[in-house]
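Visitor: I would like a close look at one part of this structure, namely a single place where helices pack against each other, and I would like it set in the context of its chain and of the neighbouring chain.

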Amino acid sequence: MLEGRLDNLRQYLFVIRQISYKENKRKIDETNLGIVWNVLNPLLYMLILSTYYQNVVRHDNVANFPVFVFTGITMMNYFSNATKSAMRSLVSNKSLLIKTHLPTEIFLLQKVVMAFREMMYSAIALIPIMIYFKIPLSWRVVQIVPVLLLISITIFGIGELLAIAYVYFADIDYLYSVFMTMMLFVSGVFIPISHMPGKLQGILTYNPIFLAIYLTRNCLVYNLPSHWTAWVKLLMWAVLAGTLGHYVFVKNKNKIIGKI
Amino acid sequence: MNYGIKQYIFVIRELTAREIKRKYARSVLGIFWSVLNPLLFMIVMSLVFSGFMGRASDFPVYYVTGFTMWSMFSTATSTSMTAFEDNKNLFQKTKLPREIFVLSRDYTALVNLGFSFIALLIVLIVFRVRPNLAFLIIIVDVFFEMLFSIGVSFILATIYVFYKDIKFLWRNFIVLLVHMVALYIPIERYPENLHEITRLNPMFFYPNIARRCVLEGSFDIAELKLMVIWGVGTFLLGLLVFKYKENDIVKKL
């Protein structure tokens, strides 16, 4: 019984790897820059955003503003790339979905894994940055593991909801991209949320992207203890998004195959 | 001459109609998104950024004017880049002048701008911005921005035939450029040493001329000069690059 399950799992992993490989290859065929670009991209963001917005945060006493921007943008990109590609994953893998008996979740999982990997490449750039800004590492670094785990579960849950919605209502793509543009500004990626209108600030601290960025910064860059409520809120997100996403997905998964 | 100018325009129209249909093939609201998009962005951005402006009520107008002008450029250039490649078949089979494929994509962006101006109009009415004669400058401004975009489009489309990475690079460049043209926060909030270079950036001054007309009802001669020079200059350069490489493009495709 267990043996069989493990076998299944191994097969799924194989499929994930094959799809990822194919996609990666296509991406790399499209550009010769490939992985180098993954490292370079957040660095460019860091450079531009921290230069152009330095006056905006002048009075906030943000220490190491470029690193602040870098951690923000890397997490933001992960969230945005993963959820967006998960949303489109069912429609874009249409033929595989209909022809094969793969579990539908695989297609989403593969997208999230891809985005995660890209984030990891981006994080390589963090090493020279930390050395340049003379930021020491502390034991708090290990906290990054639960942060990434929780945000990834949240992403997967949200991705499941979006993927289902996208099959029925393609316009959600436009709506979501407006929404994500807004998130870039309100998640404390490069503008601290203390700049937001007072009434909104309270609500904004419930935003999972903000939470993940805040926790990451505290453990990697600032070596500060994070507020315990931030951990609780992110945990709530993972549990809620995870279960709700799964519930909706399982309920609809057979229906959508007909719809696609 | 096998074709008259009327026929060219007809072809451009047909290609444009196809473009729009394709873009919104899976969408329910279709082209209506061109109206809705700027409005949605405006509402969202106003929530975030109104604190950064002197008068909070100015921000929606500031933003939506800049956004529509900016979108025309970004859509025009990023869609027309692949125009030759996408129309490969038509490219070889027909005797159409080859410029038409790029022009039709640019024209599509202009049509989109037309719809987005509906959104702008709504915003102007809601915020009681009085129309004035300076508004006529916007039309001139759009014309020159279009020339500029066409020039850039030709250059990009030519490069794309030989070097596919450009698509990827340009997409990322555009995303970064948004933050360098005072689209979200007024230029006064940028660091002093960046003002000069920002003012010379075409994608700053084309939207800015329109913003100035709408918000202040005035214009700046120096800016208008830049508008004409960059528009005409880039247009000619683009055409030149394309003409120079045209034969190579045909061979390569």
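Guide: What follows goes from the chain as a whole to one helix pair, then to one loop residue, and at the end to the other chain.

The model is a predicted one, and local features are described here only where pLDDT is at least 70. The pair lies in chain B, which has 11 helices and zero strands, so that its pattern along the sequence reads α-α-α-α-α-α-α-α-α-α-α. The radius of gyration of chain B is 19 Å, close to the 18 Å that the globule rule gives for 253 residues, and chain B is therefore as compact as a globular protein of that length. Along the principal axes, the C-alpha trace of chain B spans about 55 × 45 × 35 Å, and 39% of the 253 residues count as buried. Of the contacts in chain B with a separation of 6 or more, 77% are between residues 24 or more positions apart.

One place where such separate stretches of sequence come together is the packing of helix 3 of chain B, residues 58-80, with helix 7 of chain B, residues 135-162. The axes of these two helices are 8 Å apart and enclose an angle of about 25°; because angles under 35 degrees count as roughly parallel, helix 3 of chain B is described as roughly parallel to helix 7 of chain B. The crossing of helix 3 and helix 7 of chain B is right-handed.

From helix 3 of chain B, the residues that take part are B:Met69, B:Met72, B:Phe73, B:Ala76, B:Thr77 and B:Ser80. Helix 7 of chain B meets them with B:Glu145, B:Ser149, B:Val152, B:Ser153, B:Leu156 and B:Ala157. By class, this contact between helix 3 and helix 7 of chain B has seven nonpolar, four polar and one charged residues.

A single loop position in chain B may be set beside this helix pair. B:Ala182 lies in the loop between helix 8 and helix 9 of chain B, the latter covering residues 192-199. Is this loop residue buried or exposed? B:Ala182 counts as buried, because it has 25 C-beta neighbours inside 10 Å, where 20 or more are needed. Leaving aside residues up to four places away in sequence, B:Ala182 touches B:Ile187, B:Tyr190, B:Thr198 and B:Phe204. The C-alpha atom of B:Ala182 is also separated by 9.7 Å from that of B:Phe205, which is 23 residues away along the chain.

The neighbouring chain completes the setting. Chain A likewise has 11 helices and zero strands, and its radius of gyration of 19 Å agrees with the value near 18 Å that a compact globule of 260 residues would have. Its C-alpha atoms fill a box of roughly 60 × 40 × 40 Å along the principal axes, and 35% of the residues of chain A count as buried.

Where the two chains meet, 24 residues of chain B are in contact with 26 residues of chain A. On the chain B side, the elements that give two or more residues are helix 2 (33-49) and helix 8 (165-177), and the largest share, seven residues, comes from helix 2 of chain B. By class, this side of chain B has 15 nonpolar, five polar and four charged residues.

Methods:
Residues are numbered from 1 along each chain as its sequence is written. Chains are lettered from A and ligands numbered from 1 in the order in which they are written. This is a predicted model: local features need pLDDT of at least 70, side-chain atom pairs count only at pLDDT 80 or more; totals for chains, interfaces and linings use all residues. Two residues are in contact if their C-beta atoms, placed from the backbone, lie within 7 Å. Helices (H or I, at least four residues) and strands (E, at least two) are DSSP runs, numbered from the N terminus. Ala, Val, Leu, Ile, Met, Phe, Trp, Tyr, Cys and Pro count as nonpolar, Asp, Glu, Lys and Arg as charged, and the others, Gly among them, as polar. The radius of gyration is taken over C-alpha atoms; the globule rule is 2.2 Å times the number of residues to the power 0.38. A residue is buried if 20 or more other C-beta atoms lie within 10 Å of its own, exposed if 12 or fewer, and partly exposed in between; C-beta atoms are placed from the backbone. Axes are lines fitted to C-alpha atoms, for helices over the stretch in contact, and angles run from 0 to 180 degrees between N-to-C directions. Angles under 35 degrees count as roughly parallel, over 145 as roughly antiparallel, 65 to 115 as roughly perpendicular and the rest as oblique. A crossing is left-handed if the near helix is turned anticlockwise from the far one by less than a right angle, and right-handed if clockwise.
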